[in-house]
Amino acid sequence: MISRALKDKFHREYMTFFEHAERSRRWNLFDDIDWEKVKSEPRNDKLALCAETFMGVELYLPDYIEGHLSLFRDNFARAWFGANWGYEESKHAMTLWQYLVRSGHRTEDQMRDYSDRILSKKWNKPFGTGREMTAYGCAQEMTTFVIYKKQQMLAEAEGNHTLAAAYKLIAKDEMAHAQYYMTIFQHYLDDDREGALEDLSSVFYGFVMPAYELVPDYDSRVEVMRTAGIDRGVFLTEVWGPVLKRFKLTRHDLPRPKRVRAALATDAQEQRAP
Ligand SMILES: [Fe+2]
Ligand SMILES: [Fe+2]
């Protein structure tokens, strides 16, 4: 149970987030992307496969929303954020879907089959508390931002300007989500630094991108996904780097995860034993 003071801070942050979204970040997938242009652009199967894979990750939206609301059902600001966030994420999947069909890389039927296959599996939230899932949100949203930004550059370089324009709009949302989660997590740190650092550490050491392993034919996508440019090094410098910097932390400020400390304690005990 969080304190009233923390709840009030979350409320103010949500109002700021929502006002900014309404006044300056909203976009319309039907009007703000020049879909006419897409037909004259070069076919690019590699970028289309990436778009389909990322769209697949976005398609687990019902599970993400359920996971979020199961933690924040009784907290106005956090629950309303979940509703607004869900709307924005739904647009990301629909935009990439539209791109794949309008560019001729996939048919509408193929997309419907794909979404059925996606939804036949369920994503479960990887952490059990609101504070841990907030730390997870910082890294997850920053990862999606980095991925979409890299895809935007690639698409631009290869003459797929419509796809680049779509990624640009989506990436802006992802950065806003990452900023929101970091602002909220900073309040958790101010409220209970030791406990929040513990949670940040368990997420840092246990992070996996949501639903990657659930996307159909994931193994055959791996090679293409390498072109997305996310490896461990990028993940540490471009995802965790800015997240930890925002909290004025380095990796060395994070306590070792509980399971590592427990293993070390057992080792020490065994060494002491006669
Ligand atoms: Fe998204
Ligand atoms: Fe997002």
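Helix α6 gives the largest share of the lining of the largest cavity, nine residues. Keep in mind as you look around that this is a predicted model. The cavity that α6 helps to line holds about 350 Å³ of space, and the structure has one cavity of 30 Å³ or more. In total, 27 residues line the space, and those nearest its centre are Y64, W85, Y136, Q140 and E141. Besides α6, the elements that give two or more residues to this lining are α2, α3 (61-72), α4 and α7 (161-191). What classes of residue make up the lining of the largest cavity? There are 15 nonpolar residues, joined by six polar and six charged ones.

Let us turn from the cavity to the charged pairs. Side chains of opposite charge can pair when their charged atoms come close. The structure holds 16 salt bridges, and a few of them are worth a visit.

Start with E88 and R26, whose closest N and O atoms are 2.9 Å apart in a salt bridge. E88 sits in helix α4 (residues 76-102), while R26 belongs to the loop between α1 (4-25) and α2 (45-58), so this pair ties together parts that are 62 residues apart in sequence. Are the two partners buried or exposed? E88 counts as buried because its relative accessibility is 1%, whereas R26, at 28%, counts as partly exposed. Both also belong to a network of salt bridges that links E22, R25, R26, E88 and D173.

A second salt bridge joins E52 to R106, with 2.7 Å between the closest N and O atoms. Here E52 lies in helix α2 and R106 in the loop between α4 and α5 (108-119), so the pair ties together parts 54 residues apart in sequence. Both E52 and R106 are buried.

A third one brings us back to α6: the side chains of R131 and D199 meet in a salt bridge, 2.7 Å from N to O. R131 is in helix α6 (residues 130-157) and D199 in helix α8 (residues 193-206), which makes this a link between distant parts of the chain, 68 residues apart. R131 and D199 are both buried.

Finally, look at how two helices meet. The axes of α4 and α5 are 9 Å apart, and the helices pack at an angle of about 145 degrees. On the α4 side the contact is made by W97, L100 and V101, and on the α5 side by E108, M111, R112 and S115. By class, this contact has four nonpolar residues, one polar and two charged.

Key
Residues numbered from 1 in each chain as written. Chains lettered and ligands numbered in written order. Predicted model: local features only at pLDDT ≥ 70, side-chain atom pairs only at ≥ 80, totals over all residues. Heavy atoms only, no water. Salt bridge = Lys/Arg side-chain N within 4 Å of Asp/Glu carboxyl O. Helix = DSSP H or I, 4+ residues; strand = E, 2+ residues; numbered from the N terminus. Buried < 20%, exposed > 50% of the residue type's maximum accessible area, 1.4 Å probe, protein only. Axes fitted to C-alpha atoms, helices over the stretch in contact; angles between N-to-C directions. Contact = heavy atoms within 4.5 Å. Nonpolar A, V, L, I, M, F, W, Y, C, P; charged D, E, K, R; others polar. 1 Å grid on protein atoms, 1.4 Å probe; cavity = no way out; pocket = protein on both sides within 12 Å on 5 of 7 lines; lining within 4 Å. Points joined across faces, edges and corners; volume = space filled by probe spheres on them.
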